[in-house]
Structure formats: structure tokens, C-alpha cells
Amino acid sequence: MPPATTRERRNRSIRRAISTSLGSKLTTAILQFVSLPIAARILGKEEFGIYATVSLAVLSVIALQLGVGPALARGISEAHAKSDSRAEARLYFNGGVLVIALAAISLAIVAAILLVLPIPVLFGEKYAAWERVMIPALWIGAALTVAQIVVGHTDRVLEGYMEASVVNAWNAGGNLLAAVVLVAGIHSFPSVTFLLLAVFVPNILARAVSTVFLLRKRPHLKLQLSSWDKTTLLELLKDGTSFSATASVVRIVEVNVCALLVGRFLGPGEVAVFQVLIFIMVAFTGQVMMVGTPLWAAIVNAKADADYHWIRSAARRYYLFLGLIALTATGGLVLLGPSLLPLWFGEEFVADRMVFAGFSLFLVAVGWRQVNRYLSIGLGKLHQTISSILWGTVIGLLLGTAGLMTAGMGALFAGMALGILILPGRKLPQLVWTEVRELAA
């Protein structure tokens with residue numbers, strides 16, 4: 001049995017992460033549900049839909065790089081538990097090299113696509129009239145993508161040190177600054193380009209400053225060529241591929257591919273409505289992540305201490321937390337969503353109750369998958385989740401596309417939800433509890 005102080009340190013790191021995450025989520029809500037609705041009313045549904053399309057394209061490329069981060073965070077957490085500062089420095093350096101390399105590759109791919117393919121081919125004929133607006137916005141988005149990928153490296157390192165509270169604090173500052181800049185400037189610069197810069201640049205600056213503070217607190221992490229290690233680099237890439245397959249690729253399919261389908265079948269105006277629903281999904285999954293990110297790092301620590309009773313108890317509390325927020329969110333969406341949407345974003349933004357019902361089912365399914373995936377990361381079983389998560393996403397995309405073409409956006413969400421529940425919704429909890437029981441035996 002580990003000492004009580006060790007358990008308390010894990011619990012304290014989770015409590016701090018949750019408390020600061022509430023501040024981060026509050027500023028995110030201010031940005032998404034106060035500032036952006038103001039911009040939506042000024043730009044109008046169609047032009048805001050163009051911003052939504054470009055923004056989702058930027059985030060899809062960023063999402064592909066997130067796989068390196070969690071693998072890095074897990075490695076830092078294990079090295080820190082063993083007080084191995086040399087391993088920490090090695091992981092930080094090689095993770096940084098990998099992140100920069102992948103950012104450069106992403107920029108090259110995006111540039112090639114933008115130079116070769118015209119806007120109507122990329123997004124559909126309904127976007128042809130907006131080509132002059134979208135081309136410069138997409139190039140700016142490409143630059144923002146590279147910056148976001150590079151500075152995001154620091155967030156994952158801090159999570160590995162069980163300092164998610166620090167990440168949340170900087171996120172809150174960046175979001176608040178973005179909200180202020182957006183509200184102050186959107187009347188003077190009512191454009192898609194300004195909206196992109198106002199939303200993304202403050203967060204990039206906040207993460208850059210947090211990097212300075214990280215290196216001042218832990219000078220042994222400063223980049224040194226002597227920390228180069230091919231084995232570490234390959235391990236991060238391998239583990240990162242597993243995470244990308246279970247999170248980044250899934251996000252691209254469920255958010256970006258679905259947004260593209262909505263744009264092609266329903267037009268850019270409906271992408272604006274889709275983006276608002278994605279804001280809600282991000283807020284919901286943010287609550288799941290608020291607990292899950294510090295929890296899986298703490299599970300790594302508890303596993304190293306052979307504190308299996310704590311792992312079992314923490315997992316049960318996490319499931320209970322999901323049930324509470326899912327019940328609150330879905331009930332509110334189905335009952336109030338159709339009335340609140342036009343009040344928030346303007347009379348042009350309309351979605352019926354069936355859209356919110358399908359979306360609510362999707363939220364529950366995503367939350368269930370996320371909870372079990374975070375537990376799998378902490379238990380070291382992430383690679384065993386890849387097949388069921390990917391196949392579930394494929395099934396969901398097929399069902400959702402058929403639903404979109406026949407019954408609209410609500411059926412798209414319902415189809416994606418069914419794909420999750422059919423495979424990963426069953427397989428992942430079985431994997432988690434099999435491992436927990438074996439550890440406790």
C-alpha cells in the first residue's frame with residue numbers, strides 16, 4: 001500500500017485540474033456562446049458558415065498532430081514518478097523534434113492542396129461564390145495550424161507532470177483575451193480573416209508564454225542535442241499513432257468529414273448550425289476531459305505504486321460523473337435547444353427538436369467512448385482499443401451519411417452515435433474492467 005501522501009498528491013492534482021478547468025471552460029463558453037454569436041449576427045449565417053468551414057479545416061490538421069502529445073505526457077509521467085530527470089529531458093527534446101517535423105509536413109501538405117485544388121472541388125460547388133474570401137483565410141489558417149501544433153507541445157508535457165491545472169489556467173487566459181479582441185474588433189473588421197486571427201492568435205500567445213515558464217521552472221528540459229535518441233523518437237511516434245487512430249482520426253471523421261458532407265448536401269449556411277452544435281460537443285467533451293486528463297496521468301502513477309484499489313475507485317467515480325453531466329446536457333438540449341439556438345446566434349440559426357435529439361444521443365455515445373478511452377490510456381491499453389474505435393467510426397459514418405441524405409442533420413448524428421455504441425461502446429468497458437480485475441487479483 002503506498003503512503004497516504006502519495007494518494008493525496010494524486011487526488012490533489014485532480015482536484016486542482018478540475019477547479020482550474022472550470023475557469024477554462026467558463027472562458028471557452030464566453031468565447032463560443034457570447035462573443036461568437038455577436039460575430040455571427042454581424043457576418044450573417046452564410047459568411048459565418050464560411051468561417052466555420054475554414055476553422056474546422058484548420059482544426060482537422062491540428063487534430064492529426066495531437067497523437068504525439070499524449071504519448072509524450074505518459075512518458076513524462078512515468079519518468080517523473082521514477083525521478084528520472086534525464087529521461088524527462090530526453091522525452092521533451094525528442095517530442096519537440098517530432099512535433100516540429102510533423103508540423104512542417106502538415107504545412108507542406110496543406111500548401112500543396114491549396115495550390116492544386118480549387119475551392120469548389122475541395123468543399124463543393126455551393127462554396128464557389130466565396131472563393132475570394134476562403135483562399136486567403138485558408139492560407140492564414142495553415143500558418144495558425146503550424147503555430148498551434150508547436151506550442152501545444154508544452155500542454156502535454158505539463159499534463160505529464162500532473163500539472164493540468166497550469167494548462168487550464170493559460171487556456172483560460174487565452175480564451176478570455178480572444179473573447180475581448182473579438183468583441184472589440186468585429187464591428188471594425190467584419191471578416192472571416194479577422195475572426196480566425198481573433199480566435200486563434202491569443203491562445204497561441206498564451207501557450208508560448210507558458211513554455212517560457214515551464215523551462216524556467218524545469219531548466220533540465222532545455223533543448224540539447226545530447227538528448228537526441230532515435231529509440232525514444234520511434235516509441236513516441238508508435239504510441240502517438242495509436243492515440244491518433246483513436247482520437248485525431250475519429251475527430252476528423254466525426255467533425256470535419258461530417259461538416260464537409262453537411263456543406264455539400266445542405267450548403268454553407270447549415271455548416272454554421274453544425275458548427276454551433278460542435279461548440280456544444282466541445283464544451284461537453286471538455287467536461288469529460290477535465291477529469292480524464294489528470295485522471296489518466298494519476299492512474300499511471302497509481303499503477304507504478306501498485307495502488308490498484310485507488311484505480312478501481314477512481315474509475316467508478318468517473319463513470320458516475322459522466323452519467324450526471326450526460327443527463328443534464330441531453331435533457332437541456334432536447335427541451336430548450338430549438339428555442340435557445342435562434343436567441344443566441346440569430347433568427348437564421350434554426351434546428352428542430354429531432355436534430356437536437358439525434359445530437360444528444362451522439363453526445364452520450366461520445367462521452368461513453370471518451371471515458372473508457374481515458375481509462376485505457378492510464379492502464380496502458382490504448383493500442384488494444386484501435387480496431388473497435390476505428391471500425392465503430394466507419395460504421396457510424398456510413399449510417400450517418402445515409403441518414404443525412406434521407407432525413408437531415410439529426411439522422412447524421414444518430415447514425416454516428418449508433419456506430420460508437422455498436423462497437424467501442426461495448427468493447428472498451430470490457431477491456432478496462434478486465435485489466436482492473438487482473439491488476440487487483
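Me: In this predicted model, why is Glu270 called partly exposed?

Reply: Glu270 has a relative accessibility of 22%, and since the word buried is kept for values under 20% and the word exposed for values over 50%, with partly exposed in between, Glu270 counts as partly exposed.

Me: What makes the contact of Lys45 with Glu270 a salt bridge?

Reply: The term asks for a side-chain nitrogen of Lys or Arg within 4 Å of a carboxyl oxygen of Asp or Glu, and for the side chains of Lys45 and Glu270 the distance from N to O is 3.0 Å, so the pair fits the definition. In general, side chains of opposite charge can pair when their charged atoms come close.

Me: Why can this pair be said to tie together parts of the chain?

Reply: Lys45 lies in helix α2 (residues 45-65), while Glu270 lies in helix α10 (residues 268-304), so the salt bridge joins parts that are 225 residues apart in sequence.

Me: Is Lys45 buried or exposed, and how do you know?

Reply: Its relative accessible area is 12%, and because buried means under 20%, Lys45 is called buried.

Me: How do you know that Glu435 forms a salt bridge with Lys303?

Reply: The closest N and O atoms of Glu435 and Lys303 are 3.9 Å apart, and as the cut-off is within 4 Å, the pair counts as a salt bridge. This pair links distant parts of the chain, with Glu435 in helix α15 (residues 424-440) and Lys303 in helix α10, 132 residues apart.

Me: Which word describes the accessibility of Glu435, and which that of Lys303?

Reply: Glu435 has 9% relative accessibility, so it counts as buried, given that the limit is under 20%. Lys303, at 26% relative accessibility, counts as partly exposed, because this value falls between the limits of 20% and 50%.

Me: What makes Lys303, Lys381 and Glu435 a network?

Reply: Besides its salt bridge with Lys303, Glu435 forms a salt bridge with Lys381, the closest N and O atoms being 3.6 Å apart. Lys381 is in the loop between α12 (353-379) and α13 (386-407), 54 residues from Glu435 in helix α15. The three residues are thus linked in a network of salt bridges, and a search of the whole structure finds 5 salt bridges.

Me: Why is Leu115 called exposed?

Reply: Leu115, which has its place in helix α4, has 66% relative accessibility, and because exposed means over 50%, Leu115 counts as exposed.

Me: Which residues form the nonpolar patch on the surface, and where do they come from?

Reply: Leu115 belongs to it, together with Ile105, Ile109, Ile113, Val116, Leu117, Val121, Ile135 and Trp139, and these residues have about 820 Å² of accessible area together. Helices α4 (85-116) and α6 (131-160) each supply at least two residues of the patch, and the largest share, 5 residues, comes from α4.

Me: How do you know that α6 meets helix α7?

Reply: Asp155, Leu158 and Glu159 in α6 are in contact with Ala164, Val166, Val167 and Asn171 in α7, and contact means heavy atoms within 4.5 Å. The residues of this contact divide into 4 nonpolar, 1 polar and 2 charged. The axes of α6 and α7 (residues 164-185) are 7 Å apart, and the helices pack at an angle of about 145°.

Definitions and conventions:
Residues numbered from 1 in each chain as written. Predicted model: local features only at pLDDT ≥ 70, side-chain atom pairs only at ≥ 80, totals over all residues. Heavy atoms only, no water. Patch = residues over 30% accessible without salt bridge, like charges linked within 9 Å, V, L, I, M, F, W, Y side chains within 5 Å. Areas by Shrake-Rupley, 256 points an atom, 1.4 Å probe, with all protein chains shown as cover. Helix = DSSP H or I, 4+ residues; strand = E, 2+ residues; numbered from the N terminus. Buried < 20%, exposed > 50% of the residue type's maximum accessible area, 1.4 Å probe, protein only. Axes fitted to C-alpha atoms, helices over the stretch in contact; angles between N-to-C directions. Nonpolar A, V, L, I, M, F, W, Y, C, P; charged D, E, K, R; others polar.
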